[in-house]
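Trainee: Please take a single part of this model, its aromatic rings, and go through it closely with me, setting it within the chain as a whole.

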Amino acid sequence: MKWIGALCIILATTWSGFEASRLLRERTKQLRQLKMALQALEAEIMYGHTPLIDASLRLSQQLSKPLSWLFESFAQKLQKGTMNARQAWEESLHEIWKMTALKEGELEIMKQFGETLGQYDHEIQQNYIRLTMVHLEREEGDAIEKQQRYEKMMKSLGVLTGILIVLLLM
């Protein structure tokens with residue numbers, strides 16, 4: 001009976017260590033996707049002269065979840081016509097952000113991006129998109145560094161914590 005309990009403890013802590021390392025991987029992946037989404041949005045706006053609603057819907061179909069939900073929610077809020085682009089973007093961010101692996105720094109960058117969304121002509125909007133991508137690249141560099149530094153440690157720490165707990169309880 002003790003061995004079953006010990007095994008359960010080790011499995012639970014190992015799982016939590018692997019989950020923590022998965023979140024580090026997901027953050028870098030989602031930052032890359034967000035940058036690609038902004039590049040696609042820039043192309044849609046600048047070269048396709050696509051309305052923001054249509055561009056957002058297309059992006060939601062191209063991205064994986066949870067970022068696809070962000071653009072889908074944004075497009076739906078714009079289609080209702082009850083709020084402007086800034087308000088729709090901010091509400092969509094607040095709804096979807098907790099489902100992502102992204103941090104507060106990225107949230108602030110995306111909020112600032114939303115402040116400019118749909119308010120300027122194509123060239124100024126393009127400049128704001130590029131500025132946002134520069135900020136996201138900085139965050140991505142930080143995320144990659146943290147992933148390289150802590151991913152393996154999180155996995156090992158989960159296993160070792162389980163073993164320590166089992167040893168202390170025996």
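Mentor: A residue is called buried when its relative accessible area is under 20%, exposed when it is over 50%, and partly exposed in between, with a 1.4 Å probe and protein chains only. By that rule, 41% of the 170 residues of the protein chain count as buried. This is a predicted model, in which local features need a pLDDT of at least 70 and side-chain atom pairs count only at pLDDT 80 or more, while totals for chains, interfaces and linings use all residues. Residues are numbered from 1 along each chain as its sequence is written, and side-chain values use heavy atoms, with hydrogens and water left out.

Let me begin with the setting. The protein chain has six helices and zero strands, these being DSSP runs numbered from the N terminus (H or I of at least four residues for helices, E of at least two for strands). With a radius of gyration of 21 Å, taken over C-alpha atoms, the protein chain is well over the 15 Å that the globule rule (2.2 Å times the number of residues to the power 0.38) gives for 170 residues, and so is more spread out than a compact globule. Its C-alpha atoms fill a box of roughly 70 × 30 × 25 Å along the principal axes. Of the contacts (heavy atoms within 4.5 Å) between residues at least 6 apart in sequence, 66% join residues at least 24 apart.

Now to the rings themselves. The structure holds three aromatic pairs, where rings of Phe, Tyr and Trp (its six-membered ring) pair if their centres lie within 6.5 Å, and planes under 30 degrees apart count as stacked, over 60 as edge-to-face and the rest as tilted. One of these pairs joins phenylalanine 74 and tryptophan 89, which meet edge-to-face at 5.2 Å centre to centre, with 90° between the planes. This pair links distant parts of the chain, for phenylalanine 74 belongs to helix H3 (residues 67–80) and tryptophan 89 to helix H4 (residues 85–96), 15 residues apart. Both phenylalanine 74 and tryptophan 89 are buried.

Tryptophan 89 also pairs with phenylalanine 113: the ring centres are 5.6 Å apart and the planes stand at 80°, so this pair too is edge-to-face. Here again distant parts of the chain are linked, with tryptophan 89 in helix H4 and phenylalanine 113 in helix H5 (residues 104–116), 24 residues apart. Tryptophan 89 is buried, at a relative accessible area of 1%, and phenylalanine 113 is buried with a value of 1%. Together, Phe71, Phe74, Trp89 and Phe113 form one aromatic cluster.

From Phe71 the picture can be carried outward to leucine 63, a residue in the loop between helix H2 (52–62) and H3. Leaving aside residues up to four places away in sequence, leucine 63 touches Gln33, Ala37, Ser68 and Phe71. Leucine 63 is itself buried, with a relative accessible area of 15%, and its C-alpha is 9.2 Å from that of methionine 36, although the two are 27 residues apart in sequence.

As a contrast away from the rings, consider lysine 29, which lies in helix H1 (residues 2–46) and, at 38% relative accessibility, counts as partly exposed. Lysine 29 and histidine 49 are 20 residues apart in sequence, and their C-alpha atoms are 28 Å apart in space.
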